[in-house]
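Visitor: I am new to this structure and would like a close look at a single part of it. Please choose one helix and take me slowly through its surroundings.

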Amino acid sequence: MLKTYSLTKDTLLVSPELNIKNSSVVYVYGEEREYIESFEHKYDLKIGNILTFDDQVAYDTMIDQNDEKSLLVSFLFPKIHEGGHLDNLTTSVVFLVFKNKLIIFTNQKLNFISELLSNMVLRDVNNFTEEALLKIMQKDFYVMLNDLRGIKEKIDDLDSKISTSGRLRPTFGDLLTLQKYMIALSTTYKANHKALDFIKKNFTTIDDIDFSTKKIIDELYDTSDTMDRIILGYSQYLDNLGNMINNMISYQLNMIMKTLTEISIVLTIPAIIFGFWGINVHVPFEKSSYGVFAVLTISAILSLICWFWMRRKTYL
């Protein structure tokens, strides 16, 4: 589907009619193969591949017949709330940045893009495409940072489950999910940092670029560095948490094996005694009417002596 936005004075407004040619910003999402292929043929781009293989960013400089420069920039957006497989945890956002037009491509509709573009107030109308792109990236980084902070709550919940739950089996699924998130987020941040370097290199060479636009770029770098530090700490904590879970499982398994071994030792004594009284020779109490109870009593006493002896030797 397509959504178009027109620049009115210093504000982007949703176009009442789908007029692509006269629109300042066009947002393309979903299956718009014809529109995508038209740009692929015109500029020799592989927009469809970038949207399909959402594991890396793409950036390039395009020069048209009038020697006018335009840019292709993509970055990754994580979708950690959707869970699932690793290949579903990120999506690509592709920008075509022209002098007076900005075109955005995504496979699925990202609500924050359409909401941000509606009634977006611009400071530098002469370079509105660059400013709009940076504000979308700024919003994207803000969403990613909030998602990253939300993972802290998931880690705390997992920590609480480990501390209070007797069985650790359910925590494996939670730990695996969080580790998937860490992989998707770390890959996203590293890829987006490269795209940000490309944007800074090209946007800051514009002589009349607004000071606030440069400030946005600096804020994006600061946010990116903050997310890198946070995710590094979370990843290390999850690794340590995984090791702790493995150690606890090993400890629980050792305790189970130890208990079974102790039970088998204690039960060996009655088995020996019953075997002795069962041999086909004369044995004590064989003619006594209380012989069975006597043998059981002897077995119980010897088993208890063995049990208390192991307790005294700290085997339990």
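Guide: In this predicted model, helix H1, which spans residues 33-43, lies across S1, strand S3 (25-29), S4, S6 and strand S7 (102-106), and with respect to S7 the helix runs at about 120°. Within H1, the residues Tyr35, Ile36, Phe39 and Glu40 are buried. Seen down the axis of H1, these buried residues fall within an arc of 140°, so they line one face of the helix. On the other side of H1, by contrast, Glu34, His41 and Lys42 are exposed. The cover over the buried residues of H1 includes the strands S1, S3, S6 and S7, and it also includes helix H2 (47-52). Just after H1 comes Asp44, which takes a positive phi of about 55°.

The strands that H1 lies across lead on to the sheet. Here 8 strands form an open sheet, in the order S4-S5-S6-S7-S3-S1-S2-S8, and their pairing is mixed. Its edge strands are strand S4 (59-63) and strand S8 (120-121), each of which pairs on one side only. One pairing to follow by eye is that of strand S1 (residues 2-8) with strand S2 (residues 11-14), which is antiparallel and extends over 4 bridges; along it, Tyr5 stands opposite Val14 in S2.

The aromatic rings can be read next. A search of the whole structure finds 4 aromatic pairs. In one of them, the rings of Tyr27 and Tyr29 have their centres 5.1 Å apart and their planes at 45°, so this pair is tilted. Tyr27, at 0% relative accessibility, counts as buried, and Tyr29 counts as buried as well, at 9%. Another pair is formed by Phe75 and Phe95, whose ring centres are 5.5 Å apart and whose planes stand at 20°, so this pair is stacked. Because Phe75 lies in strand S5 (residues 69-78) and Phe95 in strand S6 (residues 90-97), the pair ties together parts that are 20 residues apart in sequence. Phe75 and Phe95 are both buried.

One further ring has a charge for a partner: the charged end of Lys200 sits over the ring of Tyr221, 5.0 Å from the centre of that ring.

Definitions and conventions:
Residues numbered from 1 in each chain as written. Predicted model: local features only at pLDDT ≥ 70, side-chain atom pairs only at ≥ 80, totals over all residues. Heavy atoms only, no water. Phe/Tyr/Trp six-rings, centres within 6.5 Å; stacked < 30°, edge-to-face > 60°. Buried < 20%, exposed > 50% of the residue type's maximum accessible area, 1.4 Å probe, protein only. Helix = DSSP H or I, 4+ residues; strand = E, 2+ residues; numbered from the N terminus. Lys NZ or Arg CZ within 6 Å of the ring centre and 35° of its normal. Pairing = 2+ DSSP bridges. Contact = heavy atoms within 4.5 Å. Axes fitted to C-alpha atoms, helices over the stretch in contact; angles between N-to-C directions. Arc of directions from axis to C-beta.
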